[in-house]
Amino acid sequence: RVFSPWLDLDKIMREKNIPLFALESQEPVKDFDSYKALYLASDADIQMAETMLKSADMNVKMQKREWLPNISFGYRRNTEQKEGVNGIMVGVSFPLYSNSKRIKAARERRQSAELQVEQARKDAESQLQSGYQQLVGLQQVLDHSDVKMMQESIDLFSKALHHGEINALDYYTEVNSIYEKLQRHIDIHCQSAKLHAVLHKNEL
């Protein structure tokens, strides 16, 4: 599982070059393939489809075991000869035809289950690809947003106002512009966190 760090932890991780990592394994999530493995392993639709496929496999095996012959016993008196003869009749039948239809139906259900697994994986991968690309784009914007510099700029403008180097109008104009940038940064970070939640919805 991977979770998006909040602003304070995000700042520390960037300053110390700590990559985003998986919670349990502590391994860095460096590329799409590793992220894809984490996502698909917990997708509920894929798990459901795979469970149905296992059930279909078991059904095929069970139907194959039901080909065993039916043995019947009976009593018969043969009167075709001059003297009647008593005997036992033994019958053996192999349910090849009737069972073959059930095996065929079981195999068709298995093929259908395989297609459902394949479709579930395609849908999950498509959703992941789209979400991951959005996440990468948001991350690039966050990487180019220097929050520390903006905060230092606010402090500098405050000192300049206090020492009379700028007037109040210039101060509020500049500071308001910085706060708007900080708000955009927070909004983008919230979008990133929401997108992480969507991509890991099956683990929440």
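1. In this predicted model, the residue D43 is buried, because its relative accessible area is 4%, and a value under 20% is what counts as buried here. D43 sits in the loop that joins helix α2, residues 32-41, to helix α3, residues 44-65. Two further details help to place this residue when you look at the structure. A polar atom of the D43 side chain lies 3.2 Å from the backbone nitrogen of D45, and the C-alpha atom of D43 is separated by 7.3 Å from that of A124, although the two residues are 81 residues apart along the chain.

2. It may help to step back and consider the chain as a whole before going on to other residues. The protein chain has six helices and two strands, and, when it is read along the sequence, these elements follow the pattern α-α-α-β-β-α-α-α. The chain has 204 residues, of which 24% count as buried. If one takes the contacts in the chain with a separation of 6 or more, residues 24 or more positions apart account for 66% of them.

3. Helix α3 offers another residue to inspect, namely N59, which is found in that helix. Is N59 buried or exposed? N59 is buried, since its relative accessible area is 16% and the limit for that class is under 20%. When its neighbours within four places in sequence are left aside, N59 is in contact with A106 and R109.

4. Two residues show how parts of the chain that are separated in sequence can be compared in space. Q129, which lies in helix α4, is partly exposed, with a relative accessible area of 32%; its C-alpha atom is 8.5 Å from that of K36, while the two residues are 93 residues apart in sequence. L199, whose place is in helix α6, is buried, with a relative accessible area of 2%. The C-alpha atoms of L199 and G131 are separated by 7.0 Å, and these residues are 68 residues apart along the chain.

5. The loop between α5 and α6 contains N167, and this residue is worth viewing together with what follows it in sequence. N167 is partly exposed, because its relative accessible area is 42%, a value that lies between the limits of 20% and 50%. The side chain of N167 reaches the backbone nitrogen of D170 at a distance of 2.7 Å.

6. How many aromatic pairs does a search of the whole structure find? The search finds one aromatic pair, formed by the rings of Y171 and Y172, whose centres are 5.1 Å apart. The planes of these two rings stand at 75 degrees, so the pair is described as edge-to-face, given that an angle over 60 degrees is needed for that label. The two residues can also be described by their accessibility: Y171 counts as buried at 13%, whereas Y172 is exposed, with a relative accessible area of 55%.

7. The last point concerns the second largest pocket, which has a volume of about 340 Å³. There are 17 residues that line this pocket, and the closest to its centre are K11, S145, V147, K148 and H185. The elements that give two or more residues to the lining are α1 (7-15), α4 (96-143), α5 (147-162) and α6 (168-199). Helix α1 supplies the largest share of the lining, six residues. Sorted by class, the lining has eight charged residues, five nonpolar residues and four polar residues.

Key
Residues are numbered from 1 along each chain as its sequence is written. This is a predicted model: local features need pLDDT of at least 70, side-chain atom pairs count only at pLDDT 80 or more; totals for chains, interfaces and linings use all residues. Side-chain values use heavy atoms; hydrogens and water are left out. On a 1 Å grid over the protein atoms alone, a cavity is a set of points where a 1.4 Å probe fits but cannot get out, and a pocket is an open set with protein on both sides within 12 Å along at least five of seven lines; lining residues have an atom within 4 Å of a point. Grid points are joined across faces, edges and corners, and a volume is the space filled by probe spheres set on the points. Helices (H or I, at least four residues) and strands (E, at least two) are DSSP runs, numbered from the N terminus. Ala, Val, Leu, Ile, Met, Phe, Trp, Tyr, Cys and Pro count as nonpolar, Asp, Glu, Lys and Arg as charged, and the others, Gly among them, as polar. Buried means under 20% relative accessible area, exposed over 50%, partly exposed in between (1.4 Å probe, protein chains only). A polar contact is a pair of N or O atoms within 3.5 Å; within protein, one must be able to donate a hydrogen and the other to accept it, and residues adjacent in sequence count only if both atoms are side-chain atoms. Rings of Phe, Tyr and Trp (its six-membered ring) pair if their centres lie within 6.5 Å; planes under 30 degrees apart count as stacked, over 60 as edge-to-face and the rest as tilted. Contact means heavy atoms within 4.5 Å.
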